[in-house]
Amino acid sequence: MKRLLFAAFFLAPCLPARAQQPVEQRITALLQQMTLEEKVGQLNQYSGRELTGPASTRKTDQLNAIRSGQVGSMLNVRGAANTRAIQAEALKSRLHIPLLFSLDVVHGYKTVFPIPLAEAASWDLAAIRLSAHVAAKEAAAAGIHWTFAPMVDVGRDPRWGRVMEGAGEDTYLGAQIARARVLGFQGEKLGGTDAIMACAKHFAAYGAALAGRDYNAVDMSLQQLWEVYLPPFRAAADAGVATFMNSFNTLNGVPATGNTYLQRDILKGQWQYPGFVVSDWGSIGEMVPWGYAANKADAAQKALAAGSDMDMESDAYHTHLAQLVKDGKADMSLLDDAVRRILRKKFELGLFDDPYRFSNEKREKQVLNDPQNRQAARQVARQSMVLLKNDRQALPLHRAWSRLAVIGPLAKSKRDLDGSWVPDADTTLITSIYDGLAQRLGSKTQLSYAKGCDVLGDSRAGFAAAVETAQKADAVVLTVGETWDMTGEAKSRTDIRLPGVQEELFLALKATGKPIIVVMLGGRPLIFNTIADQADAILLAWWPGAEGGHALADVLSGDYNPAGKLPSSFPRAVGQLPIAYNQQYNTGRPVTRPGDTRYKSAYIDAPNTPRYAFGYGLSYTTFQYSELKISRPQLTAAETVQVQFTLTNTGPVAGEEVAQLYLRDPVASLVRPLKELKDFQKVLLKPGESKTLTFTVGKDKLSFYNQQLAWVAEPGEFQLLVGSASDDIRLSGKVELLP
Ligand code: NOJ
């Protein structure tokens, strides 16, 4: 009550319009009172790590800017007490407009979930939504209003370190996941204290950075932009995402931050998007080194004109925008529109009614220590794992194996399991793989350990001890991969083979003749051909988060039957890139028989196919697809066709299968990919159980962007392909679209 009175006292002068009045009227009333400088202030975002540190390191100039209404939002200030303290400074400003506190809450706040790419491998929209919801609950309790997530960039180049933040290489899957994450962070509607604003980033096409090099240029056809890269953004907008972030890259020569086509024509124009756009860190200023703006003032002018509403850390708006407006070089109506968009979100979050509503230390303590959050992280982690190989049922771990050697540089690592983009990796909360197994297997299984080697470097000094450890065991669990800081922002790699001497360690262990079960960890598709050829089993765990050790023990022991499917193709060689399944075309010279490469579209030193295809993943059971029925041979644009089939669990244990529907348009006015994912269903079946599944296909699923950029379904035949992976089609049929 005290707090409410306090807020009311401060807010009364700026709000002649009462709380009951519609938000738009309240915004108009507030805008009328704002000076030019105060308006620009709302567009200004600073990072405040120093602001909440020891008093001596405080940036007093930032504090002064906050107190005088020159800052609209802070990033990197977190914790109920810290956000409360800084909010109190903002409320000292003339109009007492509250700040928005933002942070990169990418896969968990305190409770770290698997990295987004891993979660995408679950193909489980409810699990993904749950992960975002728990992250939002925790972040909101720590004073955060706004996360810079989800990253909805389609990522088809595993050299690009940021593939770990996305949903993989497919547009349809990416759009479904974008929606799930937005709804997870925001709930159905903003305003609750367990929901935060989401941010669809990076608008647009950042995932196509040339050569997989971060911050690089993007050059692509508009068909590709519309068909492949924009739909996940559209899905996020349709799900009500509160904000967008633009991007570091250029698109066909124009920086995304200064791109009118993207931000004004498409986003705010065609899509009628009501939220606001924040720049990426310093990306307004970066238009100068790009060679698109002469100086920061020019950059500020171009960014505002192009539709960038908030300036993250460039200080370009703060320094230049007021003068640009006074000089008639920037349009006041565009400034007003940007301010209106930002204020609207502050109203929707309820910050004008209680600026401290997210900054409650009691709630923070309670929510951050809720054990259910950890349970959710464990559940999502095991749902994210992909069984890549399981020869002669090496997994689940055999009961007869009473001595298990846990070997490898990542077996006892904790920090690595969290991956990158975590607010703070509290290693006391992380269960290592070794500890997870030890807890699950108990005293009946004797566990031994050897590191063998580091992830990086060429020392083989630990090999002998590792081999000796393996020799004394019945089987080996070998943990290999990347370190946590090898993927993420600014972590592009030219060589995505398993680093260091890890594959050599594998070969040394393999020579013992013991069964070798490889647990692969990492934040991108990696290349590990030797292991792929010779391991008995391979379980891809990605970066599974703080509960990763427990989740792995669940899967390895057979308590949980893995059902993950790859959201990205895993190449055999980096020279095959780009290798995304939906970037494969028949060409004029298709390879019709394996090895038939002469004058064919092929390599002479490797097959065209990836090592592991999009949509691939095994289970401890097997599934049979049968009885395909296509409800009609022909349809008109107004009709739909039902693709029905029976899925049966033909193996010994219960399990989930992700049944996938692909489509091929064999003849069209633009050459189409060999396969495009159009739908999927994840189904749980008991041993012997069958279910009838149905996919519905209508005009939309048959459409593509033609040469005029019109979304059209062209009459003719379409192939409908149902399967367990993009390279494992079990049933196929066709349908004809009538003119
Ligand atoms: C730069 C990154 O590109 C972006 O994704 C992130 O949200 C901002 N930094 C803020 O940390």
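A polar contact is a pair of N or O atoms within 3.5 Å. With that in mind, a good place to begin in this predicted model is the ligand and its surroundings. An oxygen atom of the ligand lies 2.5 Å from a polar side-chain atom of D104. The side chain of D280 likewise brings an N or O atom to 2.5 Å from a ligand oxygen, and for H202 the corresponding distance is 2.7 Å. On its own the ligand has 300 Å² of accessible area, and the protein covers 95% of it.

These three residues belong to a wider shell. Also around the ligand are L75, F148, R162, K201, M245, F248, W281, M312 and E489. Sorted by class, the shell is made up of 6 nonpolar, 5 charged and 1 polar residues.

Away from the ligand, strand β16, which spans residues 537–540, offers a helpful view of how strands are arranged in this model. In a regular strand, side chains alternate between the two faces of the sheet. In β16, A537 and L539 point one way, while I538 and L540 point the other way. The residues on both sides are buried.

Strand β16 pairs with two other strands. Strand β11 (residues 386–390) runs antiparallel to β16 and is joined to it by 4 bridges; here N390 is the bridge partner of A537. Strand β15 (residues 516–521) runs parallel to β16, again with 4 bridges, and in this pairing I517 stands opposite A537. A537 thus has a partner in β11 and another in β15. Helix α22 (residues 529–534) completes the picture: together with β15 and β16, this helix makes a right-handed β-α-β unit.

Two single residues round off this tour. S569 sits in the loop between α23 (548–557) and β17 (623–630). Although S569 is in a loop, this residue counts as buried because its relative accessibility is 3%, and buried means under 20%. The side chain of S569 also makes a polar contact of 2.8 Å with the side chain of E169.

V641, in turn, is found in strand β19, which covers residues 641–649. With a relative accessible area of 0%, V641 is buried as well. Along the chain, V641 and G698 are 57 residues apart, and in the model their C-alpha atoms are separated by 6.4 Å.

Technical notes. Residues numbered from 1 in each chain as written. Predicted model: local features only at pLDDT ≥ 70, side-chain atom pairs only at ≥ 80, totals over all residues. Heavy atoms only, no water. Near = heavy atom within 4 Å. Polar contact = N/O pair within 3.5 Å; in protein donor to acceptor, adjacent residues only side chain to side chain. Areas by Shrake-Rupley, 256 points an atom, 1.4 Å probe, with all protein chains shown as cover. Nonpolar A, V, L, I, M, F, W, Y, C, P; charged D, E, K, R; others polar. Buried < 20%, exposed > 50% of the residue type's maximum accessible area, 1.4 Å probe, protein only. Pairing = 2+ DSSP bridges. Right-handed = clockwise from strand over helix to strand, strands pointing away.
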